[in-house]
Amino acid sequence: MIGTFIIGLREGLEAALVVSILIAYANKLGRADVVRRIWAGVGLAIVGSLLIGAILTFGAYGLTFEAQEIIGGSMSILAVGLVTWMIFWMQKAARNLKRELEGTVDKALLTGSGWSLVVIGFVAVAREGIETALFLWSAVRASGDAPTAWVGAVIGLLAAVALGWLIYRGAVRINLGTFFTWTGVFLIFVAGGIFAYGIHDLQEARVLPGPFAPVPDGGGVLAAQFFGNGAWAFKVSDTISPDGILAAVLKGTVGFSPEMTKLEVAGWFVYVATTLSIYIIIHLRASRARAASIATKE
C-alpha cells in the first residue's frame, strides 16, 4: 500500500503540475477560451490511461498460465524501464519544465485556433498516465495484496490532485525539488522489487531458469544452482509470514519476499545498485553546479 501510494502521489502530482502550468499560462495570456480545450485533452488522456489499465488487468484472462506469466513478466520489466527513464528525465528537465510548456503553448496559439492545445493537454497527461497505469499494474501484481495496493494507489492519486490544486491556488508551497528527489530514490527501490517480480514471472513461465523447472539432463553442478530447489536464494516463510503485515510492507516498499530465487535477488541488487548510484552522482553534480552558479553571481 505504501509503495502504490507513493507511485500515485508522485506520478499524479507530476501530471497535476503540468496541467496547472498550462492553465495558469493560458489565463495569464488572457486566453481563458482555450482552457476548455486543454481540459478536453486532459480528459481524453485520463480516459485513455484508464482503458490501458483495464486492458492490462482483464485482457490476459483466457490465455494459458505460461502466456500470462510471460506477458506479466515482460510488462513488469517494461514498466521498470519506463519509470527509470521518467525518474532521470524529471531529474534533468524539472528546472526548465515550466518554460518549455509555456513555449509550447505560445507556438500553439500562433496557429490561431488553439485546438492544438487539446493535443498538448492530451500528450502532457497521457505520458504520465500511461506510465502510471503500467507501473501501478505491475506494483499491484508484485504486492501480493491487490485490494490494499489499489486503495493505496487511489489515495495517492487523490492526494496528488488535492495537492496540485492547493499549489495552483497558492495555498500550499512545497520544495518540489526535494519532493521529487526523495520520491525518486524511493521509486528506485519499488522498481527494483517490480523488476525482481518480473524475473519471477518469467521463471514461472520457464523462460528463465528457476525452481519451477528441473535441472536439465547433463547440466552439471552449475545448472543445479539455477534450476530446481538449488535456484532458491532463501526461503524464510516460517519466520516472516507471506500473508503478514511485515511481509506486505517489505514487499510493497523494497520488493522483499519471504521466498526469492537467486536470479530475483541478483536482478534486484544489480538494478538498485546501478540505478541508485547513477541517480546520486547526477544529483550531486547538479547540486555542485547550482552552488557554483550562485557563488559566481554573488
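**Exercise 1. Find where Leu208 lies in this predicted model, and decide whether it is buried, partly exposed or exposed.**

Step 1. In this predicted model, Leu208 belongs to the loop that links H7 to helix H8, the latter spanning 220–224.

Step 2. The relative accessible area of Leu208 is 29%. Since buried means under 20% and exposed means over 50%, Leu208 is therefore partly exposed.

Step 3. When neighbours within four places in sequence are left aside, the contacts of Leu208 are Ile199, Leu202, Gln203 and Leu263. One of these partners, Leu263, is 55 residues apart from Leu208 along the chain, and the C-alpha atoms of the two are separated by 8.9 Å.

**Exercise 2. State what is notable about the phi of Arg206, and say where that residue is placed.**

Step 1. Arg206 sits in the loop between H7 and H8, the loop in which Leu208 is also found.

Step 2. Most residues other than glycine have a negative phi. Arg206 is not a glycine, and yet its phi is positive, at about 65°.

Step 3. With a relative accessibility of 55%, Arg206 counts as exposed, because the limit for that class is over 50%.

**Exercise 3. Compare the surroundings of His200 and Thr261, beginning with the element that holds each residue.**

Step 1. His200 is part of helix H7, whereas Thr261 is part of strand E2, which covers residues 259–261.

Step 2. The relative accessible area is 13% for His200, which is therefore buried, and 0% for Thr261, which is buried as well.

Step 3. Apart from its neighbours within four places in sequence, His200 makes contact with Phe212 and Glu264. Thr261, not counting residues up to four places away in sequence, touches Gln203, Pro211, Ala231, Trp232 and Ala233. Gln203 is also among the contacts of Leu208, so the solution to the opening exercise can be read alongside this one.

**Exercise 4. Describe how helix H1 packs against helix H2, and then how H1 packs against H5.**

Step 1. Two packed helices are described by the angle between their axes and by the distance between those axes.

Step 2. For H1 (residues 2–28) and H2 (residues 35–58), the angle is about 165° and the axes are 10 Å apart. An angle over 145 degrees counts as roughly antiparallel, and H1 and H2 are therefore roughly antiparallel to each other. The crossing in which H1 passes H2 is right-handed.

Step 3. On the side of H1 this contact is made by Val19, Leu22, Ile23, Ala26 and Asn27, and on the side of H2 by Val35, Ile38, Trp39 and Val42. Sorted by class, the contact of H1 with H2 holds eight nonpolar residues, one polar residue and no charged ones.

Step 4. The axes of H1 and H5 come within 10 Å and cross at roughly 180°, and these two helices are therefore also roughly antiparallel to each other. Among the residues that make this contact are Ile7, Val18, Val19 and Leu22 of H1, together with Ile120, Ala124, Phe135 and Val140 of H5. The contact of H1 with H5 divides into twelve nonpolar, four polar and four charged residues.

**Exercise 5. Work out which elements supply the largest nonpolar core, and identify residues with the most contacts inside it.**

Step 1. The core has 30 residues, and those with the most contacts inside it are Leu13, Val18, Leu22, Ile38, Leu101, Val105 and Leu117.

Step 2. Two or more residues of this core come from each of H1, H2, H4 (97–110), H5 (116–143), H6 (146–168) and H7 (176–204). H1 gives the largest share, with ten residues.

Step 3. Val18, once its neighbours within four places in sequence are left aside, is in contact with Leu97, Leu101 and Ala124. Apart from the largest core lies another one of 25 residues, which includes Ile7, Trp137, Val190 and Ile194.

**Exercise 6. Summarise the protein chain as a whole, from its secondary structure to its contacts.**

Step 1. The chain has ten helices and two strands, which follow the pattern α-α-α-α-α-α-α-α-β-α-β-α along the sequence.

Step 2. The C-alpha atoms fill a box of roughly 75 × 55 × 35 Å along the principal axes, and of the 298 residues 42% count as buried.

Step 3. Among contacts in the chain with a separation of 6 or more, 75% are between residues 24 or more positions apart.

Key
Residues numbered from 1 in each chain as written. Predicted model: local features only at pLDDT ≥ 70, side-chain atom pairs only at ≥ 80, totals over all residues. Heavy atoms only, no water. Axes fitted to C-alpha atoms, helices over the stretch in contact; angles between N-to-C directions. Helix = DSSP H or I, 4+ residues; strand = E, 2+ residues; numbered from the N terminus. Parallel < 35°, antiparallel > 145°, perpendicular 65-115°, else oblique. Left-handed = near helix turned anticlockwise from the far one by under 90°. Contact = heavy atoms within 4.5 Å. Nonpolar A, V, L, I, M, F, W, Y, C, P; charged D, E, K, R; others polar. Core = buried A, V, L, I, M, F, W, Y, C linked by side-chain atoms within 4.5 Å. Buried < 20%, exposed > 50% of the residue type's maximum accessible area, 1.4 Å probe, protein only.
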